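Q: Could you choose one part of this model and take me through it closely, strand by strand where that helps? I'd enjoy a connected account, with the cut-offs spelled out as you go.

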Amino acid sequence: MTNLLRKLDTYREMAKDYQVDTIFIGGGTPSILEPGEIKRLMEKVYSIFSVEADAEISIEMNPGTATKEKVGEYKQAGINRLSIGLQSAKDEELKILGRIHTFEDFLRSYEMVRNEGFSNVNVDLMFGIPKQTSDSFVSTLKKTAALNPEHLSVYSLIIEEGTPFFQWYQQKEMVLPDEEEERQMYKGAQEILWNYGYNRYEISNYAKNGYECRHNLKYWNMDEYLGIGRSAASFLDKERFVENEKREVLTRESLMEEFMFLGLRKMEGIREMDFQKRFAQNVDEIYQNELLKLVDNKLLMREEGRIFLTERGIDISNYVMQHFIFDKE
Amino acid sequence: MAGIEQKNIRNFCIIAHIDHGKSTLADRIIERTGLLTSREMQSQVLDNMDLERERGITIKAQTVRTVYKAEDGEEYVFNLIDTPGHVDFNYEVSRSLAACDGAILVVDAAQGVEAQTLANVYLALDHDLDVVPVINKVDLPSAEPERVIEEIEDVIGIEAQDAPLISAKTGLNIDQVLEQIVKKIPAPSGDPSAPLQALIFDSLYDAYKGVIVFCRIMEGNVKKGDPILMMATGAKAEVVEVGYFGAGRFIPCDELSAGTVGYITASLKNVKDTQVGDTVTSPVRPCEEPLPGYKKVNPMVYCGLYPADGAKYQDLRDALEKLQLNDAALQYEPETSIALGFGFRCGFLGLLHLEIIQERLEREYNLDLVTTAPGVVYRVYKSNGEMIELTNPSNLPDPSEIEYMEEPVVKAEIMVTSPYIGAIMDLCQERRGQYEGMEYIEETRAVLHYQLPLNEIIYDFFDALKSRSKGYASFDYEMNGYQRSELVKLDILINKEEVDALSFIVHAGTAYERGRKMCEKLKEEIPRQLFEVPIQAAIGSKVIARETVRAMRKDVLAKCYGGDISRKRKLLEKQKEGKKRMRQVGNVEIPQKAFMSVLKLDDK
């Protein structure tokens with residue numbers, strides 16, 4: 001924490017040029033911090049940055065570590081959005097994921113958060129968990145949506161080779177839901193959440209009208225952000241960097257690539273106008289063949305100056321997006 | 001090479017099974033001997049060498065001349081002639097042996113006599129070479145020199161009681177080997193004043209000197225300015241330089257005379273003019289007849305080589321041209337494939353030769369290649385009486401025009417320990433082998449004799465042999481003509497389109513299985529496309545096997561926030577890179593390595 005505060009000081013000069021309109025406290029579980037620490041952190045932030053009055057300020061929390069005292073402190077510190085990592089409403093699945101909380105714990109935390117007056121809450125859910133069935137996932141979705149959080153993030157579990165989870169999963173010889181089942185889960189989520197009044201605005205994110213996460217939208221819109229803390233990523237002035245690591249200056253081509261593959265994650269897709277504004281070139285001048293092919297294959301749609309993924313395009317979005325990567329020698 | 005008498009020359013080679021220590025022993029011999037005789041040192045031959053010109057030359061065959069001062073006080077010139085160690089190069093081995101007067105046989109003290117050892121020894125004995133056995137690796141804990149000595153005497157039938165027990169690795173008893181070379185290997189004979197008769201046992205192309213011919217002078221002598229004639233190819237030239245092989249260098253000398261080993265350069269531009277096994281003589285005063293044993297080397301295995309990037313066709317042609325300068329056995333001619341575009345049908349001595357060339361093209365010439373499945377040369381007898389030698393399955397005439405076909409066969413000797421005899425017999429059976437007998441060379445080991453079709457052993461026979469015998473089998477073969485056979489062309493259809501580069505010739509009896517395995521393999525190799533892709537194997541219009549690559553259903557990255565973006569880009573770049581290694585056939589993308597997949601159809 002001391003390091004973090006010290007680091008913040010180093011941005012004092014730069015902060016003068018920026019108006020901050022979103023803050024996200026996450027990565028790991030900030031809710032394990034001691035009482036008082038978040039307050040200290042936020043005071044520091046306010047003293048250095050000019051934070052807009054209606055800024056979206058989020059914090060992540062784990063159901064198991066939340067206390068009334070901490071949640072109250074968040075509120076006092078100006079935090080106005082809470083993101084709770086539930087993952088599943090089935091305790092057996094939580095255990096497989098190595099989570100220490102139960103669904104009970106979550107319900108208590110959620111209640112507490114609401115009682116403390118938080119009116120913008122996100123819940124993270126997961127599908128494709130080993131042993132998970134479509135039925136259990138549907139039940140998780142319904143139980144969660146019934147609580148009426150403003151925002152839901154629904155991810156599929158990706159087991160990457162080389163991670164501890166991968167080894168663990170191999171040793172236990174867990175059976176993952178197959179591709180088709182996972183696809184059905186994804187479709188099911190969209191349908192059920194639609195019925196509960198949620199709008200899918202990005203591949204994995206759902207929100208009640210007006211509650212789209214402004215912070216995350218910055219990533220997909222290629223707006224600037226500053227990450228503070230170990231392995232926190234930043235994107236400032238066409239540079240991507242992580243604290244203490246090599247800076248990566250994005251070329252014009254890389255910026256175009258990212259503009260496309262990040263923007264297309266949003267259901268509304270990208271605006272041709274925005275591309276034109278940013279790169280002073282028409283998107284068709286750059287990607288004409290790719291766009292023709294993808295539209296032809298019904299993976300993309302173009303309507304009213306927007307380019308966006310079709311349902312099929314969402315299913316295989318990696319395939320679609322690789323078309324926007326330039327040939328490299 | 002003035003002043004060296006024939007009686008002080010020893011021309012020999014080292015023969016051994018792979019890994020029994022041939023090159024280590026060669027290194028030791030070179031280490032313990034000198035480069036020049038004392039007399040040559042006085043005349044400072046080295047000063048005369050144009051070192052600049054030597055640069056960049058690597059002696060292909062590790063043939064080397066060294067000088068050894070023996071216990072009897074005399075200096076002996078050793079010409080150690082390298083022999084290629086692989087069955088692909090059997091003919092080259094036989095020519096190298098013909099240039100020698102004796103051979104050192106290296107046998108591993110733990111492993112004993114292997115099939116390759118036997119084959120090499122028989123080859124040496126066929127050339128009337130005196131074979132001097134040496135037991136290597138006696139320092140190993142598992143070494144059993146007494147048993148191996150007995151085995152050499154029983155199995156090979158040569159005296160081995162006083163074989164030096166050495167460790168080429170540590171240098172133990174190398175002196176004994178050197179003394180035995182002097183005492184047991186005969187000095188060369190031949191009349192220096194007779195008409196020139198020299199055996200070509202290797203050649204290489206050098207940008208400065210032109211073709212460098214490696215030869216053993218049997219009769220007569222040759223020096224700078226002499227006219228020479230290659231008796232088989234008829235090529236004529238004038239000698240520019242003669243010399244011998246120093247440690248990795250060419251050292252010019254005044255003349256080469258009967259009994260010596262050295263090189264000749266004669267402003268020849270193409271190694272094709274100087275075929276291994278040919279006889280060099282003088283057109284003015286020719287010898288009566290060429291040395292026996294010359295054979296024109298014909299490629300046994302053919303495959304298509306295509307540049308992965310079609311624009312590199314000319315580069316590939318240039319590279320093949322350059323490689324051929326040094327490798328008379330390599331053949332190539334242009335061909336076109338619907339699937340792969342412009343490329344070359346190339347002929348090789350065997351699969352190892354193919355791999356060597358392929359690797360050199362990729363490494364030295366920086367070419368990315370697509371290789372089609374290798375095949376052998378079939379003889380197609382047509383009903384109109386014509387016979388064609390088929391090197392590319394796509395050129396097979398319509399079945400209605402074919403009377404019958406023949407395929408090349410080999411005589412194989414497989415040495416195996418008794419627990420695996422059954423498994424190896426099964427393997428040979430599956431590969432359409434004809435059993436021709438078996439003999440026990442000792443209680444626990446036997447030699448199996450089989451006649452096998454060449455096309456059954458060129459792919460993965462060696463691997464299968466090893467895996468089924470847990471490494472306890474060794475194998476050697478020689479070509480044994482052609483035999484009539486029921487052969488069919490198996491076509492592969494991807495998304496209903498025939499892919500010419502995947503067609504291959506196969507025995508009718510194994511066509512179904514091959515077709516099925518091929519489809520399975522391709523199913524693994526071909527990534528999912530936007531649509532379902534059927535893969536079929538067919539003989540003529542009859543489909544005999546089918547698999548389906550299901551359509552791509554899901555490929556999505558769930559999360560992509562600030563910290564994920566660089567990683568996500570790398571992932572997309574990798575996917576894109578993977579696509580570049582694909583060949584578009586119809587509207588299906590096929591990875592380039594799929595064209596080689598027919599090679600790996602045996603049990604895993």
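A: Happily! Buried residues make up 44% of the 604 residues in chain B, where buried means that 20 or more other C-beta atoms lie within 10 Å of a residue's own, exposed means 12 or fewer, partly exposed lies in between, and C-beta atoms are placed from the backbone. This is a predicted model, in which local features need pLDDT of at least 70 and side-chain atom pairs count only at pLDDT 80 or more, while totals for chains, interfaces and linings use all residues. Residues are numbered from 1 along each chain as its sequence is written, and chains are lettered from A and ligands numbered from 1 in the order in which they are written.

Chain B has 14 helices and 33 strands; these are DSSP runs numbered from the N terminus, helices being H or I with at least four residues and strands E with at least two. Of the contacts in chain B with a separation of 6 or more, 71% join residues 24 or more positions apart, a contact being two C-beta atoms, placed from the backbone, within 7 Å.

The part to look at closely is a sheet. In chain B, 8 strands make up an open sheet with antiparallel pairing, in the order β10-β9-β15-β6-β7-β14-β11-β12; two strands pair if DSSP finds at least two bridges between them. At the edges of the sheet stand β10 (236–238) and β12 (250–253) of chain B, each with a single partner strand, so one side of each has no neighbour in the sheet. On average, neighbouring strands are turned by 40 degrees against each other, direction ignored, using axes that are lines fitted to C-alpha atoms.

Let's settle on strand β14 (residues 261–265) of chain B, which is mostly covered, with 5 of its 5 residues buried. In a regular strand, side chains alternate between the two faces of the sheet. Here B:Val261, B:Tyr263 and B:Thr265 point one way from β14(B), while B:Gly262 and B:Ile264 point the other way. On one flank, strand β7 (residues 210–219) of chain B pairs with β14(B) in the antiparallel sense over 5 bridges, and B:Cys215 stands opposite B:Gly262. Strand β11 (residues 241–245) of chain B also pairs with β14(B) in the antiparallel sense, over 3 bridges, with B:Val242 opposite B:Ile264. Elsewhere in the sheet, strands β9 (residues 227–230) and β15 (residues 279–281) of chain B pair in the antiparallel sense over 2 bridges, and B:Leu229 stands opposite B:Thr281.

For contrast, here are two loop residues. An unreviewed UniProt entry places the feature "binding site" at ten positions that include B:His20 and B:Val138; such annotations may be inferred rather than shown by experiment. B:His20 is in the loop between β1 (9–16) and α1 (22–31) of chain B, and counts as buried because 28 C-beta neighbours lie inside 10 Å. Not counting residues up to four places away in sequence, B:His20 touches B:Val106, B:Val107, B:Asp108 and B:Asn136. B:Val138 lies in the loop between β5 (130–136) and α6 (145–156) of chain B, and is partly exposed because 19 other C-beta atoms are within 10 Å. Leaving aside neighbours within four places in sequence, the contacts of B:Val138 include B:Ala109, B:Leu165 and B:Ser167.

Note on methods:
Axes are lines fitted to C-alpha atoms, for helices over the stretch in contact, and angles run from 0 to 180 degrees between N-to-C directions.
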